[in-house]
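The exercises below are meant to be worked with the sequence and the model open side by side. Each one sets a task and then gives a solution in steps.

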Amino acid sequence: MAASSTAVVELGFAESPESPLIAENFPSKIGGRPAWLNPEHILLAEQVRCEVCCKPMILLVQLYTPEDYPPEAFHRTIYVFCCKNGSCHKISWRKSFKVFRSQLPKNNIYWPENESSLDSTSKKKSPAKQCIVCGLLGSKMCGKCNQVNYCSKEHQIEHWTSGQHKIHCNTISTTSIIEEHNNHCRKLVLFPEYEIVTEQEGKDQEEEEDYGERDGDNNSSNSKALVPVGDEVYENTGVDVDKAFLKFQKRIEPYPEQIIRYNRIEYESEKNPEPLWVSDIDKPTVQDINPCPHCGQERTLEFQILSTLLNYLEIDHLQQSSLDWGTLFIYSCKYNCHVENMYYINEILWRQNFSDDGLNWKRNLK
């Protein structure tokens, strides 16, 4: 995904990966462990702890979003972390998400275009040790075998039990069995991993027909669309709906499987992108979207995460404490400011929920 000089929206869709989503391929993805753009410097658990329950958050989404300006943003990734406990979000959603921007210039020691151009000192750079469970910095180590790293006590305990490390520690075990137990542990802790593939919104009719053949009838009961859409349905419901919600429903109708809407505009543009609101209420004010603290420039909308993503997270929606949102807006520094020796820069997330009118309309359709 990349910034555009015009108001072109790129839509993101979830697909099962055909090959491992490793860092050297610069993936955009949901869940799993982060694919670090800067493998030598990765986030600590202390940087991504939920400020409600104090447990490490896990990766929700990462998007590879390279840009031409400045040169330091030639490689660029946005990481969105989320507390998995929906109860924390009900107490304070602002304390239950964190967003980070990471970027590298074209010429860097991690992903060089030409390996022979690196000197011997550069080649000695090694990736940071990662937590075996979540992929954050493994600043702690198993005290018995000194072979496995963890980001926190919480994940060490989880790996000791569900990851069966209590069995494998200081023993000779088959690698495949160890990895099977590791994956079981990760499945309990992390969100499922999917690749995010993109296409532009508003393709010509032929491509839209191809999309329909790929994903099936948009009106089928198996669709992950938020709700059915259509003027005739709306007119017969007999309930009120705020205008923003109706506009949102009509806008996503052609592509009901979309989970991401990426509409960042290049820094030279005087017009900032307009969010696709899901409600007329809960819109952020100027005070809510603070300017970048490092360069003082405004933060603008980069992309939004739709509630359709929740369908891929293996969440029990019947639980009152389940994770939920209408949409999540990600705002980032318009100028991609580079801060020396600062590898991750905090950006802003704003959550908007559906209005009561919108929810009543959805219920009325069932």
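**Exercise 1. Two residues with positive phi**

Locate C54 relative to the strands, and decide whether C54 counts as buried, partly exposed or exposed.

Solution. The model is a predicted one, and its local features are read only where pLDDT is at least 70. Begin with position: C54 sits in the loop that links β2 to β3. Next take the backbone, where phi of C54 is near 70 degrees, a positive value in a residue that is not glycine. Finally, consider exposure: because its relative accessibility is 45%, and the partly exposed class runs between 20% and 50%, C54 counts as partly exposed.

Now apply the same steps to F26, which also has a positive phi although it is not glycine, with a value near 50 degrees. F26 belongs to the loop between β1 (10–15) and β2 (29–30). Its relative accessibility is 21%, and therefore F26 counts as partly exposed.

**Exercise 2. The loop between β3 and β4**

Find the cis peptide bond at P70, name the residues it joins, and then describe the surroundings of P71.

Solution. The cis bond joins Y69 and P70, with omega at about -10 degrees. P70 is placed in the loop between β3 (58–64) and β4 (75–82), and P71 is in that loop as well. With a relative accessibility of 58%, P71 lies over the 50% cut-off and so counts as exposed. If neighbours within four places in sequence are left aside, P71 is in contact with L104, P105 and K106. A further distance can be checked in the viewer: P71 and N107 are 36 residues apart in sequence, and their C-alpha atoms are 9.4 Å apart in space.

**Exercise 3. From β2 to β5, and on to the barrel**

Trace the pairing from β2 through β3 and β4 to β5, and state how many bridges join β3 to β4.

Solution. The pairing of β2 with β3 is antiparallel and extends over two bridges, and here K29 stands opposite Q62 of β3. From β3 the path goes on to β4 through six bridges, again in the antiparallel sense, with I58 having C82 in β4 as its bridge partner. Between β4 and strand β5 (residues 97–104) there are eight bridges, and these two strands are antiparallel too; T77 stands opposite S102 in β5. As for burial, seven of the seven residues of β3 are buried.

These strands can then be set in the wider arrangement, in which ten strands close into an antiparallel barrel in the order β1-β8-β2-β3-β4-β5-β12-β11-β10-β9. The protein chain as a whole has nine helices and twelve strands, and 49% of its 366 residues count as buried.

**Exercise 4. A cavity and a pocket**

Determine which residues line the largest cavity and how the lining divides by class.

Solution. The count of cavities of 30 Å³ or more comes to one, and the largest cavity holds about 40 Å³ of space. Its lining is made of A23, F26, P27, A35, W36, L37, Q62, Y64, T77 and Y79. The elements giving two or more residues to this lining are β3 and β4. Sorted by class, the lining has eight nonpolar residues, two polar ones and no charged ones. Two residues met earlier, F26 and T77, are among those that line the cavity.

Turn next to the second largest pocket, which has about 670 Å³ of space. Of the 25 residues lining this pocket, K29, G32, R33, R186 and E193 are the closest to its centre. Helix α5 (residues 175–189) gives the most to the lining, with three residues. By class, the pocket lining comprises 14 nonpolar, three polar and eight charged residues.

**Exercise 5. An annotated span**

Relate the UniProt feature at residues 131–169 to the model.

Solution. The record, an unreviewed entry, gives residues 131–169 as "domain: MYND-type". In the model, this span is 33% helix and 10% strand, and the C-alpha atoms at its ends lie 16 Å apart.

Key:
Residues numbered from 1 in each chain as written. Predicted model: local features only at pLDDT ≥ 70, side-chain atom pairs only at ≥ 80, totals over all residues. Heavy atoms only, no water. Helix = DSSP H or I, 4+ residues; strand = E, 2+ residues; numbered from the N terminus. Buried < 20%, exposed > 50% of the residue type's maximum accessible area, 1.4 Å probe, protein only. Pairing = 2+ DSSP bridges. UniProt positions renumbered as here; feature names shortened; annotations may be inferred. 1 Å grid on protein atoms, 1.4 Å probe; cavity = no way out; pocket = protein on both sides within 12 Å on 5 of 7 lines; lining within 4 Å. Points joined across faces, edges and corners; volume = space filled by probe spheres on them. Nonpolar A, V, L, I, M, F, W, Y, C, P; charged D, E, K, R; others polar. Contact = heavy atoms within 4.5 Å.
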